[in-house]
Amino acid sequence: VQDSMNITIVGSGYVGTTLAACLADFGHEVVAIDIDEDPVRAINAGEAPIHEPGLDELVAEHAGENLTATKDYAAVADAEVTFLALPTPARDDGSLDIAAIESGSESVGEALARAEQAGAVPDGEIARHLVVIKSTVTPAVPEEVVVPAIERGLGRALKPELSTSDQEGNGADDSDTPGQFEVGMATNPEFLREGTAVSDLLNPDKMVFGYDAEWAGDRLEGVFEPLLTDEVPIVRTDPATAMMIKYANNAFLASKISLINELGNVCKEYGIDAYEVADAIGLDDRIGEQFLRSGVGWGGSCFNKDVDALRAAARDRGYEPALLDAAVAVNDTQPARLLALLDEHVDVDGKRVAVLGLAFKPGTDDTRNSRAVPVIEGLTERGADVVAYDPVAVDDIRDRYPHLRFEAAESARVALSGAHAAVVVTDWDEFAALDSEFDSMAEPVVVDGRRVIERRDGITYEGLTW
Ligand code: UDX
């Protein structure tokens, strides 16, 4: 960067750590703040607290130099910008639990107020501090929750009332009044995918900046200067619209998958290959070729949570989001359709059934909302003995979903050996290479939820939508 800034990032989860490491790599002075000791210790030891390709290297390179971590919010007072990258989990009704965002915002306000009292801002001056909401929050949260929480911490409005000066540092006329912070609020949603978070952050399709005051927009541009090339469109808008863009983005992608899944279900009824249809419709630029892989449905941490939060936010204002409800319903039904196809070929009661893949997508050990969960539940209900194989995700699914009953196999070969059927849940590349492994099955029935295995002689093969 041309002008290095002091930046604090509150929350050292997957978004916060990726952001912290990349901003340090741009040349900013970055302090990561977390209330939990573990990520703080990891970052200061030069290790990424989460696994993402390329992240360990970036943290190792900058830790102790221009990237440090602390549990103490006092660091925000030295920064020009604070990003809030705190978790926003879903409540039982799908709406967001914004407790962490709220308390983090209040802590930022308190830290700024304490620093003011300690004389951090020279007399007569106004120091501008920008709080940027990076976490995904529904559109009303920035104004209705974050701003009031910062103000509670500050003990006053974001903009100091006594200030007569318009410009930072231009306080010559009131040099006897104590210096104060003027706090701005902005939103800057992220569109990172798991497993490619660093490269997604460094190669964005777009940057979305939501702000009210011009100086806030300028400051966001300063933070992300290395990314703002001619190829990257910058969307400048207000804080609520920026967050709506994030929800609309994910709602659209999730619905696109559900739509192709529904079309795929109809294709299957007519013996038509949905992938041939998808390839053809993808040639229409208005549709686009990506996210047309029909199958057992979406999983992961974002789509479920964001679609549910948007549905809840819509209902909150009296609107019934019929299409989003349907997108979720289709996603919930795909695993049952997979199992219904299996039922057509084998009665699995008392039989060994192999489940190939537990991660919600290849390249990750994350099993949140993985379609493997309803698939294993359905097999267990049918009385099957489930043997599951995944190259990396066994521990994660055992931790998250301890009720699931299955035996973990050390390889696809071991899982398939003696099985009366196999179901494919995750499109790991290694499954495409399976071949002689099918010979050891007791009954070679394969039901593929992701189109990774080729139809071949010697096995009874069913594709979910092809
Ligand atoms: C997603 C968004 O892509 C990202 O922009 C946002 O910031 C977070 O949520 P992620 O959850 O990491 O990212 O996964 P993604 O690669 O988008 O896949 C989501 C799910 O959709 C996976 O379960 C995947 O298997 C499924 N999927 C994807 C399909 O079933 N068919 C497709 O054609 C594409």
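Let's start at arginine 152, which sits in helix 5 (residues 141-154). This is a predicted model, and its chain holds 15 helices and 14 strands. The C-alpha trace spans about 85 × 45 × 40 Å along its principal axes. Of the 466 residues in the chain, 46% are buried.

**Arginine 152 and its surroundings**

- Arginine 152 comes out as partly exposed, because 14 other C-beta atoms lie within 10 Å, between the limits of 12 for exposed and 20 for buried.
- Setting aside neighbours within four places in sequence, arginine 152 has contacts with Glu106 and Gly109.
- Serine 105 is 47 residues from arginine 152 in sequence, yet their C-alpha atoms are 9.1 Å apart in space.

**Domains and long-range contacts**

- The domain assignment splits out domain 1 (6-237) and domain 2 (281-463).
- Measuring from C-alpha centre to C-alpha centre, there are 38 Å between domain 1 and domain 2.
- Domain 1 puts 9 residues into the contact, and domain 2 puts in 11 residues.
- On the domain 1 side that touches domain 2, the classes come to 2 nonpolar, 5 polar and 2 charged residues.
- Take the contacts in the chain between residues at least 6 apart in sequence: 73% of them join residues at least 24 apart.

**Nonpolar cores**

- As a background point, nonpolar side chains tend to be buried together in soluble globular proteins.
- Here the largest nonpolar core runs to 89 residues, and the ones with the most contacts inside it are Ile9, Leu19, Ala20, Val30, Leu84, Leu112 and Val132.
- Helix 8 (residues 239-269) supplies the largest share of this core, with 9 residues.
- Both domain 1 (6-237) and domain 2 (281-463) give residues to this core, so it lies between them.
- A separate core of 46 residues lies apart from that one, and its members include Leu342, Ala388, Val452 and Leu464.
- Back in the largest core, what does isoleucine 9 touch, not counting residues up to four places away in sequence? The list is Gly16, Leu19, Ala20, Val30, Ala32, Ile33, Phe83 and Ala85.

**Helix 10 against helix 11**

- Helix 10 (residues 302-316) packs on helix 11 (residues 322-345) at an angle of about 145°, and their axes are 10 Å apart.
- The crossing of these two helices, helix 10 and helix 11, is left-handed.
- On the helix 10 side, Val307, Leu310 and Arg311 make the contact, while helix 11 brings Leu324, Asp325, Ala327 and Val328.
- By class, the residues of this contact are 5 nonpolar and 2 charged, with no polar ones.
- Alanine 329 is also found in helix 11.
- Is alanine 329 buried or exposed? Alanine 329 counts as exposed, because it has 11 C-beta neighbours inside 10 Å and the limit for exposed is 12 or fewer.
- Alanine 329 and serine 258 are 71 residues apart in sequence, with 8.7 Å from C-alpha to C-alpha.

**Valine 198**

- Valine 198 belongs to helix 6 (residues 197-202).
- Valine 198 counts as buried, since 22 C-beta neighbours fall inside 10 Å and the cut-off is 20 or more.
- Leaving out neighbours within four places in sequence, the contacts of valine 198 are Thr18, Cys22, Glu52, Pro53, Gly54, Leu55 and Leu58.
- Glutamate 377 is 179 residues from valine 198 along the chain, and 34 Å separates their C-alpha atoms.

**Positive phi at two loop residues**

- Most residues other than glycine have a negative phi.
- Phenylalanine 291 has a positive phi, near 60°, and is not a glycine.
- Where does phenylalanine 291 sit? Its place is in the loop between helix 9 (274-281) and helix 10.
- Phenylalanine 291 is partly exposed, with 17 other C-beta atoms within 10 Å.
- Asparagine 369 is another non-glycine residue with a positive phi, about 55°.
- The loop that holds asparagine 369 lies between strand 9 (352-356) and helix 12 (372-381).
- Asparagine 369 is buried because 20 other C-beta atoms lie within 10 Å, and 20 or more is what burial takes.

Definitions and conventions: Residues numbered from 1 in each chain as written. Predicted model: local features only at pLDDT ≥ 70, side-chain atom pairs only at ≥ 80, totals over all residues. Core = buried A, V, L, I, M, F, W, Y, C linked by C-beta atoms within 7 Å. Helix = DSSP H or I, 4+ residues; strand = E, 2+ residues; numbered from the N terminus. Domains from an automatic or database assignment. Contact = placed C-beta atoms within 7 Å. Axes fitted to C-alpha atoms, helices over the stretch in contact; angles between N-to-C directions. Left-handed = near helix turned anticlockwise from the far one by under 90°. Nonpolar A, V, L, I, M, F, W, Y, C, P; charged D, E, K, R; others polar.
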